[in-house]
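Student: I have a new structure open and no idea where to start. Can you walk me through it?

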Amino acid sequence: MPARPIPVFDGHNDALLRLLRSSHPRPEERFLAGEPLCHLDLPRARAGGFAGGFFAIYVPDPKAGGAEIDAMMARPRYDVPLPPMLETGYARDVSLAMMAILLRLERASRGAVTICRSAADIEAAMARGAIAAVAHMEGAEAIDPDLRTLEVFHAAGLRSLGPVWSRPTIFGNGVPFRYPSGPDIGEGLTERGRALIKACNRLKIMVDLSHLNERGFWDVARISDAPLVATHSNAHAVCPHARNLTDEQLGAIAESGGMVGLNFATSFIRPDGRRDPATPLSMLVDHIDHLVEKIGIDGVGFGSDFDGATVPDAIGDAGGLQSLVAALASRGYDGEALEKICWRNWLRVLRATWGG
Ligand code: ZN
């Protein structure tokens, strides 16, 4: 293990969803004090060198529980049908509640957690040891066709958005959870989806490709003037899951100066697609090797999916991040390469996307 922990800026976590579901009247206090069963809270972040990352606003389906999808994904081969579209009013209410939790978390933390709206904000937070939180919307269910809510969420601090989760929205179609499978499933962006991408470019909101199907991916690649980014996806050549990116997609990301954050979810890591916490770190490093080969050392980072996925026991939670750093070091990644993967690449891409 390196003598000093290398700070990690991370592409994706679902801590806000966990806090939304908490029965505690002030769930933000639970994040700050620490909770018994979770991946990411303040004590774990400090223990593992988690310096910040994208905090997802994700709207759970009020009818179909995640348990059904979980059961299907436990099979050796599966094809989970796309869940139905959510109702906009419901999605807006839940998204506002999650944004409010993040704002309350920042206020209650007295400087320990800070919502970052620029690359300079992230640098300043990292310099003083505060958690640098970027507000991210995973699926644009809360956004109305006239994009008025986009303006309001942007004003509240939103700086990253995926037009879809693995579910349809008025903007496009998500990629289904299917294994084994390529990502070319279903239609791409709608007319409204294309307008949303242009609006994100104008407002300097990063567009996340992670849950788009392949046609949607190429639509964004054609329209967007920003680097192409998949916050939490892996290499299809290593694990043939529909959620992972083909070499052709990785080539387009490289060409745009964008990046990919490695998703720790074992279903997207293991060549056999199984959800198995006994997955060795070497399998995660295999994805990093492939991503680096196809995008370059400047285009790869982490996108843990903490609190949203089954991650390897060898990492466990945010407190175990340095064991992955150590696994990369033992595969030959040196100091500069490690810093790029751990946080510098995210900062570079965000500066290029947001300006300043
Ligand atoms: Zn996701």
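Tutor: Start with one term: buried means under 20% relative accessible area, exposed means over 50%, and partly exposed lies in between. Keep in mind that this is a predicted model. With that cut-off, Arg167 is buried, and so is Glu141.

Student: What do Arg167 and Glu141 form?

Tutor: They form a salt bridge, with the closest N and O atoms 2.8 Å apart. Arg167 lies in the loop between β6 and β7 and Glu141 in the loop between β5 and α7, so the pair ties together parts that are 26 residues apart in sequence.

Student: How many salt bridges does the count come to?

Tutor: The count comes to 25 salt bridges. One of them joins the side chains of Arg18 and Asp307, at 2.5 Å from N to O. Arg18 lies in helix α1 (residues 15-21) and Asp307 in the loop between β11 and α13, so this pair ties together parts that are 289 residues apart in sequence.

Student: Are Arg18 and Asp307 buried or exposed?

Tutor: Arg18 counts as buried because its relative accessibility is 15%. Asp307 is buried too, with a relative accessible area of 18%.

Student: Which residues join Arg18 and Asp307 in a network?

Tutor: Arg30 and Glu35 do: salt bridges that share partners put Arg18, Arg30, Glu35 and Asp307 into one network.

Student: Now α14. What are its length and reach?

Tutor: Helix α14 covers residues 335-354, which is 20 residues. From its first C-alpha to its last the helix reaches 27 Å, close to the 28 Å expected at 1.5 Å a residue.

Student: Where is the kink in α14 centred?

Tutor: The kink is centred on Ile341 and comes to about 60°. Just after the helix, Gly355 takes a positive phi of about 80°.

Student: Which residue forms a salt bridge with Lys340?

Tutor: That is Asp298, with the closest N and O atoms 2.7 Å apart. The pair links distant parts of the chain: Asp298 sits in the loop between α12 and β11, Lys340 in helix α14, and they are 42 residues apart. Asp298 counts as partly exposed at 35% relative accessibility, whereas Lys340 counts as buried at 18%.

Student: Which buried residue has no salt bridge?

Tutor: Glu28 is one such residue: it is buried yet has no salt bridge. The nearest side chain of opposite charge is Arg26, 5.2 Å away. The cut-off for a salt bridge is 4 Å between the nitrogen and the carboxyl oxygen, so 5.2 Å does not qualify.

Student: Where is Glu28, and what does it touch?

Tutor: Glu28 is found in helix α2 (residues 27-33). Not counting residues up to four places away in sequence, Glu28 touches Ile101, Arg104, Leu105 and Ala108.

Student: Different topic. Which residues are the protein donors of the zinc ion?

Tutor: They are Glu138 through OE, His211 through NE2 and His232 through NE2, lying 2.0 to 2.2 Å from the ion. Along the chain, the donors follow the spacing E-x72-H-x20-H. Glu138 lies in strand β5 (residues 131-138) and His232 in the loop between β9 and α10, so that pair ties together parts that are 94 residues apart in sequence. Glu138 is buried, and so is His232.

Student: What about the backbone? Which peptide bond is cis?

Tutor: The bond from Tyr179 to Pro180 is cis, with omega near -10°. Pro180 is found in the loop between β7 and α8. Most peptide bonds are trans, and most residues other than glycine have a negative phi.

Student: Which residues other than glycine have a positive phi?

Tutor: Leu147 and Lys204 are among them: phi is near 65° in Leu147 and near 60° in Lys204. Leu147 has its place in the loop between β5 and α7, and it is buried, with a relative accessible area of 12%. Lys204 lies in the loop between α8 and β8 and counts as partly exposed at 40%.

Student: One last residue, Ala309. Where does it lie, and what does it touch?

Tutor: Ala309 lies in the loop between β11 and α13 and is partly exposed, with a relative accessible area of 21%. Not counting residues up to four places away in sequence, Ala309 touches His39 and Ala265. Ala309 and Asn263 are 46 residues apart in sequence and 9.1 Å apart in space, C-alpha to C-alpha.

Methods. Residues numbered from 1 in each chain as written. Predicted model: local features only at pLDDT ≥ 70, side-chain atom pairs only at ≥ 80, totals over all residues. Heavy atoms only, no water. Helix = DSSP H or I, 4+ residues; strand = E, 2+ residues; numbered from the N terminus. Expected span 1.5 Å × (residues − 1). Bend = angle between axes of the 7 residues up to and from the residue. Buried < 20%, exposed > 50% of the residue type's maximum accessible area, 1.4 Å probe, protein only. Lys, Arg positive; Asp, Glu negative; His and termini not counted. Contact = heavy atoms within 4.5 Å. Donors = N, O, S within 2.8 Å, 3.2 Å for Na, K, Ca; no water.
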